[in-house]
Structures are given as structure tokens and as C-alpha cells.
Amino acid sequence: MDRARLLAAQAGEPVVTLARSHTTVSVERATLRLAGLAGADHDGEPWVNHLVDAVRRQVGLEHGVALPVWDALSGGQARDLLTLAQRAAAGSASFRLPTGQDRASAGAAAAGAIGAGISRIDAQRRRREGLIAELGDAPRTPWIYLIVATGDIDEDIPQAQAAAREGADVIAVIRSTGQSLLDYVPEGATHEGFAGTYATQENFRLMRAALDETSRELGRYVRLTNYASGLCMPEIAALAGLERLDMMLNDSMYGILFRDINPIRTFVDQRFSRQIHARAGIIINTGEDNYLTTADAVDAAHTVTVSQLLNEYFAKEAGLADWQLGLGHAFEIDPAVPQSFRLELAHALLARTLFPDAPLKWMPPTKHMTGDVFRGYLLDGFFNLAGALTGQGILLVGMMTEAVVTPFLSDRDLALQNVRYVLDAAGGLAEDFAPPRDGFIQTRARHVLDEAVDLLERITQQPAGLAPQGGGTAYPPLLAAIAEGTFGLMKRPPDRGKGLEGVVQRAEGEHGYLNPAIDLLEATAEGQRA
Amino acid sequence: MSNRKHLTEAQRRTTPTIVRPYGDTTGDGMIQVSFTLPLPHDKRAEGAALQLARKMGMDPALVVHAKPIGPDFTFFVVYGSSNHLVDLSQVTVQERDYPLLTPYEVNAAIRERFGRKLVVVGACIGTDAHTVGIDAILNIKGFAGEKGLEYYTELDVVNLGAQVLVPDLVRAARSEHADAVLISQVVTQKDAHIHNTTHMTAAFREAYPAGAVPLLVAGGPRFEEGSEARLGVDRIFGRGTTPGDVASYLVHALVQRSTRKDHHDQHA
């Protein structure tokens with residue numbers, strides 16, 4: 001196990017170095033959002049996009065957006081950020097890179113404005129802690145996690161409140177299909193989405209307020225979850241911190257592999273978003289279940305372990321603590337495979353043993369849900385039993401109508417009865433359950449761990465400096481491995497993919513890149529690591 | 001007329017044309033349904049459930065389970081005998097004009113029939129920046145529980161993304177040796193989807209020798225069904241299309257095309 005962690009750190013470290021030497025348009029926009037810039041023009045283009053684009057056109061982003069923006073403000077071009085962004089959109093703001101004393105005062109002004117946003121995040125964290133102390137927490141673990149997805153925030157709210165009353169401890173609002181590929185965050189309360197609801201600051205605020213009301217009614221704090229993924233990962237993370245979301249889906253490689261987002265963009269955005277999550281006391285959920293929906297759950301079991309180890313490394317580097325790591329895995333072995341349940345237990349126990357202090361996120365069967373709802377209900381029961389038996393922290397409720405329809409009211413009720421029956425009947429079974437030494441389960445778990453170590457060794461031994469397109473740039477071995485198609489079936493070279501044009505190398509040295517948000521957040525991460 | 005009737009009678013002797021659901025005895029008509037009514041759970045709600053069951057043709061019907069879901073809803077399980085008869089002679093089945101294949105079958109068919117990967121180039125053309133459609137079909141993430149075309153090992157997918165100019169699309173199709181080109185059009189202001197699509201097909205016909213144009217497929221929520229010929233494309237896919245539909249169609253159409261070509265080569 002120590003060897004696996006060491007290898008994960010070896011694979012991750014050069015990627016962190018890469019992340020520290022780049023910025024992205026979304027990191028810069030998130031920085032402006034922390035300083036309080038919100039809203040959009042009449043076409044729905046956010047002011048943060050206008051301002052970052054204008055700065056980039058005039059002076060580039062190598063030094064970050066903060067210096068030119070607060071220099072323009074102190075130069076009297078506008079009385080506040082919003083007015084400056086509006087002027088920039090109209091083409092009547094001019095930016096320069098301040099030097100000397102001007103640089104120092106622009107940096108200080110920026111730090112003040114951005115620090116106020118970080119203080120708001122801190123206040124929201126204290127408010128969450130206060131509400132939990134006052135109202136009480138979820139009655140037991142695993143926390144019961146239910147999904148709402150109507151596309152209309154006004155429909156989502158009563159559904160989420162009903163789900164909480166039915167016993168959900170965590171409500172997740174699924175995003176509209178395709179939001180991860182939008183290079184801006186939509187504005188306002190939204191009423192139409194494709195198979196989900198857009199993540200916007202206003203939707204976050206409305207849903208959190210509704211769940212606060214329900215939390216009071218129920219006498220327990222109900223958590224809210226959304227997705228910090230895709231091209232706007234850092235901005236969504238900032239909005240989540242500001243609006244007191246409690247958990248965010250945030251995976252280190254999901255966007256690269258499954259959404260063809262540029263790898264460098266992803267790792268830069270991810271580090272910033274995780275630093276915010278760390279500060280905001282948000283629990284991240286990683287996306288390892290996705291590997292098992294595309295590959296065979298037995299053959300690819302070790303890729304889950306490798307991804308969990310990498311996610312852990314990147315998360316801790318960004319300042320997240322063990323209790324914030326909802327590392328993912330899933331119950332996706334073909335039920336026709338002999339001893340499939342014992343194999344599931346072996347995989348779930350391996351994750352539990354590797355990450356004893358993390359609230360693991362346990363995902364229900366989807367791939368082998370056939371439309372036979374009766375058989376599906378039984379499979380979900382076994383999934384719940386495996387969750388109880390292996391002490392999982394967050395249990396996503398499986399629906400017998402998975403792959404058939406959007407769950408009916410009754411499907412959700414039946415699914416919750418299933419969970420409650422299993423947890424009431426066998427909730428304490430983890431205590432009695434110790435698989436025999438060198439038995440089937442232990443042997444299988446060891447085998448998966450060995451395969452994971454082999455894969456990590458292959459990744460770290462990938463010749464560093466391999467540039468897939470034959471260019472002069474040297475990429476970290478992990479990026480070379482991703483380019484070679486080591487994970488999943490996808491080959492994702494570092495010089496391809498969506499959002500690449502939004503990646504900028506930071507200028508170095510004391511006259512170089514400045515981002516007060518990152519400086520403040522780095523301090524949190526330092527404190528956490530120490 | 002009499003001929004046809006005769007045939008039906010001949011059939012009737014071997015297989016029944018009238019069937020009823022089977023519980024545990026032939027002809028008992030027994031079925032089971034479950035549903036939720038927006039009523040608080042009481043005797044009236046159970047009566048309402050029975051009324052619904054009778055109106056659905058269940059007689060006698062038996063409410064075997066009623067459970068409140070919150071204060072305003074009740075869930076029911078009802079068993080009963082359906083008094084409807086199924087007339088097999090009236091059963092018509094609408095088949096799609098190509099078989100729906102699993103990803104495994106698609107890959108196997110490509111390996112067997114082509115012995116190489118098929119190349120699919122996709123894009124949103126014109127000013128359309130809505131990649132939600134093309135990404136749902138191409139990204140491995142997929143749509144409606146089905147993985148996108150990237151998931152198929154025998155398909156080589158090149159997704160050019162949004163706002164691709166037609167000349168760039170043609171160039172990419174040529175350099176990648178595309179077997180099929182998928183374009184997505186969501187924006188329909190001033191018939192932009194029609195203009196963009198006809199512009200695209202014209203450009204392909206100009207750039208390729210006759211008979212060598214890749215399979216051209218257009219997708220979007222507002223294309224008119226059956227307007228393939230007018231737009232110059234081989235196929236249109238509308239709302240709700242899944243990656244599996246598209247993959248199955250591509251294999252079917254490209255196999256047909258290569259078969260026609262083989263015949264042609266033999267005759268030549």
C-alpha cells in the first residue's frame with residue numbers, strides 16, 4: 001500500500017508543477033467572481049468573460065487578470081468591477097501591466113477585494129458548521145444520496161424537498177447535458193435544461209435556501225451537491241463555496257477521458273477548484289464509477305484503485321483533508337459472473353482499507369440494469385448490503401428503473417425502502433465481517449492492488465519528455481500515459497482537446513504572474529499539509 | 001379475398017390468433033400493475049384505485065397493496081383479470097430499416113466486413129455553437145445510458161467541435177479518409193440549419209469524385225423527417241436519437257454501399 005501511494009505521488013508531482021506554472025481563462029474568471037463580479041450582458045455572456053477576454057486581448061494573461069484590472073480601477077477608469085467590465089465589453093477600457101509601485105498597489109487592492117470573497121466562503125463554512133451543530137447531522141452512515149433532475153429549478157426544489165423528507169441526507173442536482181463543455185457559467189434561475197438543470201449561482205442559492213428550510217423542518221442538516229467539472233470547474237467551485245454547497249463532484253481525469261477536455265486545462269483548473277473546496281469545507285466526490293461503465297468491472301478494477309490514489313494525491317496537495325475525499329467506486333460487475341458479489345465485496349473492502357478515513361462514495365449498478373425492474377430491485381438490495389458490509393460513507397440510491405425512465409415518485413420511495421431495510425437489518429454487520437485470511441476476498445483484493453501497482457509503475461516509467469506530436473515540449477509521464485490511452489480506451493494528448501486555447505503559461509519571477517486568490521488559498525493548503 | 005381468408009383459417013388451426021395474459025391457468029387473463037394516485041391513503045383512495053383498474057379492463061380486480069408516499073400520494077399494487085383479448089391477426093410491427101446492433105455487434109460487423117476501422121468525422125457547422133447533440137453522439141460519455149461512438153473500438157472518431165467552416169470540414173474529411181461525416185445543427189433561426197446543410201453537401205459533391213463522397217449524416221431537433229433528398233444527405237436523425245441508433249445505421253449503410261461497389265467492380 002505504501003508503494004502504491006509513493007508511485008501515485010511520483011506520477012502526480014510533475015503534473016502539479018505543470019499546474020503551478022500555468023493559468024487558464026476559467027481560473028482568472030473565478031478570481032474575478034471571488035472579488036464579487038457577477039451577472040451577464042443581455043445576450044447572457046457573463047461580465048467575467050468580457051473582462052478576462054479584454055485583458056487577454058490587450059496585455060495577455062501571463063501575469064494574471066488581477067494586476068491589469070485593479071490597475072485600471074485605481075487609474076480611475078471605472079468606479080467598480082462591474083462598470084469596468086461593461087466598459088471593457090464596449091471596447092472603451094484600456095489595460096496595461098503596472099510595474100514598480102503601481103504593481104504593488106494594484107496587487108494590494110486586488111488582494112483586498114478577493115480576500116473579501118474568501119471571507120464570504122469562510123463565513124459560509126462556519127454557517128454550515130453552525131447549522132449542523134444546531135439542527136443535527138444525518139442520522140447514520142452511509143449518507144443516503146438522491147438525485148434530482150428536471151431541468152427547471154422551480155420543479156427541482158419541491159422534488160428535492162420531498163426527497164429529503166423521504167430520507168435523503170444528500171441531494172444532488174444533475175446538470176444539463178453539455179454544460180461541462182460551455183466555456184461560461186450561465187446566469188440566473190433557469191427553467192430549461194437537457195436531462196438536468198444548469199448550474200448557476202442563482203440556482204445554487206435558491207436550492208440551498210429551500211433545503212435550509214427543509215433541514216429546519218426535519219431537524220437534520222440536508223446536504224446539497226453539484227458538479228465542479230468541465231471547462232468552468234474553477235468558477236463553479238467558487239460559486240459553490242460562496243453559496244454553501246456541501247459536496248461537489250470533482251474528478252482529476254474524468255473531463256479529459258470522457259469529455260475530451262484538454263489535459264493541461266483540466267489539471268490547472270482542478271488544482272484551483274480543489275483549493276477552494278478545501279477552504280470551503282466541501283466534500284469532493286470523484287468519478288471512478290465511470291471507468292466501470294465503459295470497461296469490464298473485473299478486468300478494470302485496478303484502474304479504479306489507480307485513479308483513487310491519484311485523486312487522493314492531487315486532493316491532498318491542494319489542501320483537502322481525508323474527511324473531504326469522497327473517493328468513488330461502483331457495483332458494476334456482471335451478475336452472471338460466478339461469485340460476482342464476493343468480487344464486489346473484495347473491491348469495496350480494498351477501497352475501504354486503502355482509504356480508512358475517507359467517506360467513500362458507493363455507486364449503484366447501472367450497466368447491468370436490464371429493464372427487468374424486479375431483478376433490478378434485487379440487485380440494488382445486494383448493492384446496499386455490500387455498502388453496509390464494507391462501511392461506505394456515501395451511498396447513491398440505486399433505482400430499479402435505471403435505464404428505463406426518469407424515476408417515478410414510487411420508484412424513489414421503493415428504492416429508499418430498500419436502503420432502509422438493509423441498513424436497519426444489517427447496518428452493524430461491518431463489525432462482524434472480517435473475511436478470512438488468504439481467503440477468496442483477501443486474495444482478490446491483493447491481486448487488484450498488485451495490478452494497480454503494476455499500472456502505476458508503467459505510468460511512472462513512461463519516458464518523460466515524450467511529446468506526442470513531436471514538438472519540443474516535455475510532458476510529465478502521467479500526461480504521456482494519458483496520451484497513450486492508458487486509462488479507459490481514450491487517447492488524450494496534452495496538445496489536443498477542448499479548452500486548450502484557454503491555457504496560458506504563467507510569467508515567472510517577481511515581476512511575473514500574480515493571483516491573490518491562489519496566494520491566499522496556497523496558505524490554506526500549506527496549513528493543511530503541515 | 002377468399003384466398004386470404006382461407007390462409008387465416010389454415011393458420012388458426014395450428015396457432016391461436018386470440019390470446020389472453022397467462023397467470024397460472026390458460027385463459028385466466030391475470031395481470032399485475034402498480035401505480036401512484038395523487039390522493040392521501042384512505043378507503044376512498046383504494047376505491048379510486050379499483051375504479052382505475054376496472055377502467056383499464058381489469059375485472060375482477062384486487063388491490064393487494066396500498067401504501068402512502070408522503071401525505072399526498074398513495075402507491076398501489078393491483079392484481080386482476082384483464083377482459084381484453086389480443087388478436088394476433090391485428091398485430092403489426094413497425095421495423096426500422098436497419099437492425100439495431102449492440103456496440104459488440106457493431107465492432108464485430110466492422111471487423112468482419114471491412115477489416116479496418118471506420119473513420120467518422122463530426123462537427124457543428126456554421127455559426128452553431130451548440131455541441132450538445134454531436135457530443136451526445138460522439139463523446140464516450142454518450143446519451144440515454146448509451147456510450148458515444150468514441151466507445152466503439154472499431155470506429156475512429158474525429159470530433160471537430162463547434163463553428164467549423166465547411167471547407168475545413170471537407171479538408172478534415174479528406175485528410176482523415178472519412179467513411180462518414182456527421183454534422184449537427186441545433187440553431188434554426190432563418191432556416192440556418194437547412195442552408196448550412198445544403199451548403200455542406202454541395203461542397204462535398206464538388207470536392208469528391210462521384211460515388212466517393214463519404215456517407216453524409218445530419219442530426220438536429222428541427223430537421224423535417226424524409227427531407228434527406230432535398231438536403232442531399234444520406235440520413236437525418238432527429239430528437240431522441242441515441243449513439244446506438246447512429247452506429248447501427250453507419251454499419252448498415254456502409255456495408256450496403258460496399259456491397260453495391262463490389263457488384264459494380266465485378267461487372268466492370
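## Helices, sheets and the chain contact in a predicted two-chain model

In chain A, helix α2 (residues 25-34) and helix α11 (residues 263-280) have axes that come within 9 Å and cross at roughly 25°. Because angles under 35 degrees count as roughly parallel, α2(A) is described as roughly parallel to α11(A). On the α2(A) side the contact is made by A:Ser26, A:Val27 and A:Ala30, and on the α11(A) side by A:Val268, A:Asp269 and A:Phe272. By residue class, the contact of α2(A) with α11(A) divides into four nonpolar, one polar and one charged. This is a predicted model, and these statements should be read as descriptions of predicted coordinates.

### Confidence in chain A

The mean pLDDT of chain A is 93, and 97% of its residues reach 70 or more. An exception is the stretch of residues 466-472 of chain A, where the pLDDT is below 50, although this stretch has twelve contacts in the model beyond near neighbours in sequence. Where pLDDT is low, the predicted coordinates should not be read in detail.

### A covered helix and the sheet of chain A

Helix α4 (residues 66-74) of chain A is mostly covered, with seven of its nine residues buried. The buried residues of α4(A) are A:Ala66, A:Leu67, A:Pro68, A:Val69, A:Trp70, A:Asp71 and A:Ala72. Just after α4(A) comes A:Gly76, which takes a positive phi of about 85°.

Chain A also holds an open sheet of nine strands with parallel pairing, in the order β7-β6-β5-β4-β3-β2-β10-β9-β8. At its edges stand β7 (325-326) and β8 (328-330) of chain A, each of which pairs on one side only. Within this order, β4 (residues 223-227) and β5 (residues 247-249) of chain A pair in the parallel sense over three bridges, and the bridge partner of A:Thr225 in β5(A) is A:Met247. Helix α8 (residues 201-218) of chain A packs on the sheet, where it touches β3 (170-173) and β4 of chain A, and its direction makes about 160° with that of β4(A).

### Chain B: overall make-up and parallel sheet

Chain B contains eight helices and ten strands, and of its 268 residues 32% count as buried. Among contacts in chain B between residues at least 6 apart in sequence, 64% join residues at least 24 apart.

An open sheet of five strands in chain B has the order β7-β6-β8-β9-β10, with parallel pairing. The edges are formed by β7 (155-159) and β10 (235-237) of chain B, each with a single partner strand, so one side of each is left without a neighbour in the sheet. Neighbouring strands of this sheet are turned by 20° against each other on average, direction ignored. The pairing of β6 (residues 118-124) with β7 in chain B is parallel and runs over five bridges; in β7(B), B:Val158 is the bridge partner of B:Val121. Helix α5 (residues 166-175) of chain B packs on the sheet and touches β6, β7 and β8 (180-184) of chain B, its direction making about 170° with that of β6(B).

### Antiparallel pairing in chain B

Strand β4 (residues 73-82) of chain B pairs in the antiparallel sense with β2 (residues 30-37) of chain B, to which eight bridges join it. Strand β4(B) also pairs with β3 (residues 58-69) of chain B, again in the antiparallel sense. In the hairpin of β3(B) and β4(B), three residues lie between the strands, and B:Gly70 takes a positive phi near 70°. The table sets out the bridges and a residue pair for each of these two pairings.

| Strand pair | Bridges | Residue standing opposite its partner in β4(B) |
|---|---|---|
| β2(B) and β4(B) | eight bridges | B:Phe35 opposite B:Phe76 |
| β3(B) and β4(B) | nine bridges | B:His65 opposite B:Val77 |

### Where the two chains meet

The contact takes 20 residues from chain B and 18 residues from chain A. On the side of chain B that touches chain A, the elements giving two or more residues are β2, β4 and α4 (132-138) of chain B, and the largest share, three residues, comes from α4(B). The residues on this side of chain B divide into seven nonpolar, nine polar and four charged. The strands β2(B) and β4(B), joined by eight bridges, are thus met again among the elements that contribute to the contact with chain A.

How values were computed: Residues are numbered from 1 along each chain as its sequence is written. Chains are lettered from A and ligands numbered from 1 in the order in which they are written. This is a predicted model: local features need pLDDT of at least 70, side-chain atom pairs count only at pLDDT 80 or more; totals for chains, interfaces and linings use all residues. Two strands pair if DSSP finds at least two bridges between them. Helices (H or I, at least four residues) and strands (E, at least two) are DSSP runs, numbered from the N terminus. Two residues are in contact if their C-beta atoms, placed from the backbone, lie within 7 Å. Ala, Val, Leu, Ile, Met, Phe, Trp, Tyr, Cys and Pro count as nonpolar, Asp, Glu, Lys and Arg as charged, and the others, Gly among them, as polar. pLDDT is the predictor's confidence in each residue, from 0 to 100. Axes are lines fitted to C-alpha atoms, for helices over the stretch in contact, and angles run from 0 to 180 degrees between N-to-C directions. A residue is buried if 20 or more other C-beta atoms lie within 10 Å of its own, exposed if 12 or fewer, and partly exposed in between; C-beta atoms are placed from the backbone. Angles under 35 degrees count as roughly parallel, over 145 as roughly antiparallel, 65 to 115 as roughly perpendicular and the rest as oblique.
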